[in-house]
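Q: Hi! I have a protein model open and would like some help finding my way around. Can we go through it together?
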Amino acid sequence: MKFSQPIPLAMGFLLQHAYAENFTQPLLWQDLADIDLIRVNDTYYYSASTMHFSPGAPILKSYDLVNWEYLSHSVPTLDFGVAAFNLDGGSAYNQGIYASSIRYHEASSIFYWIGCIQYIGKTYIYTAAAIEGPWEQASVISDHCFYDAGLLIDQDDIFYVAYSQWVPNGLDAQIKVAQLTSDLQVQQSQVVFNTTEEIGYIEGARFYKIDDTYYIWLTNPGVGRGQIVIKSTNGPFGNYSDWHRVTANSGTPVPGAGSPFQGALIDTPQGDWWYMAFVDRWPGGRFPVLAPITWDDDGWPNVVFTEENTWGSTYPYPLPHQDLGTVVKTDLFSGDTLGPQYEWNHDPDTTKWAVGDGLTLATATVTDDFFMARNTLTHRILGPASATTIELDISRMADGDHAGLVVFRYNAGSISILKSQDTTQVQMIDNIIMSPTDGWHTTSKGDVIESVQLASNSNNGSSTVWFRVWCDISSSPAYSNFSYSTDGTTFIEMGQTHTTLDGEVYFVGSRYGIFNYATEALGGSVTVKSFTIST
């Protein structure tokens with residue numbers, strides 16, 4: 001990787017290789033935090049955090065750094081030997097995959113993913129010969145938690161990892177660099193930088209070698225101090241004696257959001273540099289934003305601000321505009337696997353679901369607690385506002401089964417079917433809540449706000465019902481409304497407006513979920529015949 005000379009600016013922020021069309025922030029109105037980026041030839045790949053969702057660490061693809069589509073996942077299952085990831089005797093909410101790193105090794109044509117799994121404190125490395133997968137576990141480093149790891153594959157094919165470590169008072173941090181052996185274990189590790197009172201707490205390491213200089217890209221999270229960079233011209237272990245603030249006054253490129261932080265540096269084939277970070281926009285999540293980078297004469301990077309000295313809400317496209325697939329569509333689940341836009345709430349029971357002719361969800365848990373039910377399939381909410389509609393075949397539900405569509409974070413609201421021997425009820429349930437201060441235990445299993453008995457064969461002569469949730473995540477709190485239909489055309493609103501709790505301590509944004517669990521005994525199932533997102 002090489003950087004060009006400082007780019008002369010015109011009209012405040014026009015870049016030498018920019019294009020006439022502008023993009024607006026955020027790039028994606030979806031919760032995709034803790035960004036890492038790589039470029040392989042003319043294609044860009046984006047990796048993000050997923051916490052307790054499975055599969056983990058989604059990968060997105062782009063040709064212009066602005067338009068992205070879901071491609072695959074680096075971590076196929078949360079098979080870390082911990083029952084909580086299976087919702088077995090406990091849960092792993094807000095744990096799992098935090099900030100991680102993805103890199104491509106040109107000499108071997110192998111992709112690498114590395115991350116420390118919160119909850120167990122071990123570092124895992126996955127590899128794939130193709131970015132689409134299959135991804136396989138290549139190494140476990142049990143004695144080092146590479147927190148917020150940044151992987152660097154040097155020109156001599158030696159692997160280095162930059163990462164942060166809390167010091168005992170919990171307010172400061174050390175930055176360490178580790179060298180890995182050829183079998184991906186730790187050869188040596190040492191502290192290369194101690195934060196200062198002026199900088200504050202730092203994390204979110206990304207590791208680069210540009211020309212003959214090593215850069216560790218860091219963030220001071222969530223307090224408007226933006227991105228920090230340290231550099232060494234004396235090898236990967238330093239001396240990193242100096243530091244530079246990349247975004248001195250980052251501003252708010254997305255109305256109502258916080259300042260951008262914790263992202264990645266990337267170049268274009270033409271030699272331009274860009275910085276992709278995320279903004280907090282709770283409870284919707286953390287959304288990606290993009291800004292150009294220039295370099296000063298001393299080799300320090302700086303974000304190109306607008307004339308108001310803030311991160312821009314719009315910039316010229318870095319590359320020619322290339323549209324890709326969209327999540328605004330109808331999915332009939334007709335393939336042989338789920339699309340990469342979906343993730344399960346914790347690891348699923350793979351014997352209890354199938355696709356091909358719709359998505360069949362057999363009950364996998366006997367419970368009356370939504371947050372402890374396995375095999376809830378989730379999808380990120382598309383902002384700023386969108387509607388999701390599912391068509392649900394309920395003909396094979398068993399007595400006591402509970403199935404439907406939910407909006408959830410650490411509180412939830414849903415519209416659903418509850419099957420009993422004598423009745424089939426449509427219910428709007430609200431106030432389903434986990435405690436953020438008590439290990440994410442369920443404190444409220446919800447209140448039935450409204451209930452309507454469904455005719456045995458419904459109005460369309462089949463055992464099919466449609467559920468719809470309309471959700472606005474552009475405000476705080478976010479809010480959702482629920483409706484149902486027996487013919488797929490006329491929808492009847494139910495219950496009350498659900499508001500989503502917006503505490504930042506829960507690091508995941510609002511999601512849609514499709515669920516089916518038993519309250520009496522396993523054996524029943526539903527089939528999701530279609531899943532539609534519309535704006």
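Q: Where is Pro-26 found?
A: Pro-26 sits in the loop between strand 1 and strand 2. Keep in mind that this is a predicted model.

Q: And what is the peptide bond from Gln-25 to Pro-26 like, cis or trans?
A: That bond is cis, with omega near -5 degrees.

Q: What kind of peptide bond joins Ser-476 and Pro-477?
A: Ser-476 and Pro-477 are joined by a cis bond, with omega about 5 degrees. You can look for Pro-477 in the loop between strand 35 (464–472) and strand 36 (478–485).

Q: OK, on to Asn-94. What is the sign of its phi, positive or negative?
A: Asn-94 has a positive phi of about 70 degrees, although Asn-94 is not a glycine. This residue belongs to the loop between strand 6 and strand 7 (96–97).

Q: New topic: domains! Which residues does each domain cover?
A: Domain 1 runs over 31–252, and domain 2 over 329–534.

Q: How far apart are the C-alpha centres of domain 1 and domain 2?
A: Those centres lie 33 Å apart. The two domains do touch: 27 residues of domain 1 are in contact with 24 residues of domain 2.

Q: What area is buried between domain 1 and domain 2?
A: About 2300 Å², with carbon and sulfur atoms giving 57% of that. On the domain 1 side, Phe-53, Leu-87 and Tyr-93 lose the most area to domain 2, together 33% of what that side buries.

Q: How many salt bridges are there between domain 1 and domain 2?
A: Zero. Polar contacts are another matter, with 15 residue pairs found across that interface.

Q: Which elements give two or more residues to the side of domain 1 that touches domain 2?
A: Strand 4 and strand 6 (69–75) do. Strand 6 gives the most, with four residues.

Q: And how do the residues on that side of domain 1 divide into nonpolar, polar and charged?
A: There are 14 nonpolar, eleven polar and two charged residues on the side of domain 1 that touches domain 2.

Q: Back to strand 6 for a second. What does Glu-69 touch?
A: Glu-69, which lies in strand 6, touches Ile-59, Leu-60, Lys-61, Leu-324 and Gly-325, leaving aside residues up to four places away in sequence. A polar atom of the Glu-69 side chain is 3.0 Å from the backbone nitrogen of Gly-325.

Q: How many salt bridges does the structure hold?
A: The structure holds eleven. One to look at is Asp-34 with Arg-286, where the closest N and O atoms are 3.9 Å apart.

Q: What does the pair of Asp-34 and Arg-286 tie together?
A: Asp-34 is in the loop between strand 1 (22–24) and strand 2 (36–40), while Arg-286 is in strand 22 (residues 285–295), so the pair ties together parts that are 252 residues apart in sequence.

Q: Last topic, sheets. What is the order of strands in the open sheet of eight strands?
A: The order is 4-26-29-38-31-32-33-34, and the pairing is antiparallel. Strand 4 (53–54) and strand 34 (442–453) are the edge strands, each pairing on one side only.

Q: What holds paired strands together in general?
A: Strands of a sheet pair through backbone hydrogen bonds, in either a parallel or an antiparallel way.

Q: Over how many bridges do strand 32 and strand 33 pair?
A: Strand 32 (residues 411–419) and strand 33 (residues 424–434) pair over eight bridges, in the antiparallel sense. If you want a spot to zoom in on, Ile-417 stands opposite Val-426 in strand 33.

Technical notes: Residues numbered from 1 in each chain as written. Predicted model: local features only at pLDDT ≥ 70, side-chain atom pairs only at ≥ 80, totals over all residues. Heavy atoms only, no water. Pairing = 2+ DSSP bridges. Domains from an automatic or database assignment. Contact = heavy atoms within 4.5 Å. Buried area = accessible area lost by both parts, 1.4 Å probe. Salt bridge = Lys/Arg side-chain N within 4 Å of Asp/Glu carboxyl O. Polar contact = N/O pair within 3.5 Å; in protein donor to acceptor, adjacent residues only side chain to side chain. Nonpolar A, V, L, I, M, F, W, Y, C, P; charged D, E, K, R; others polar.
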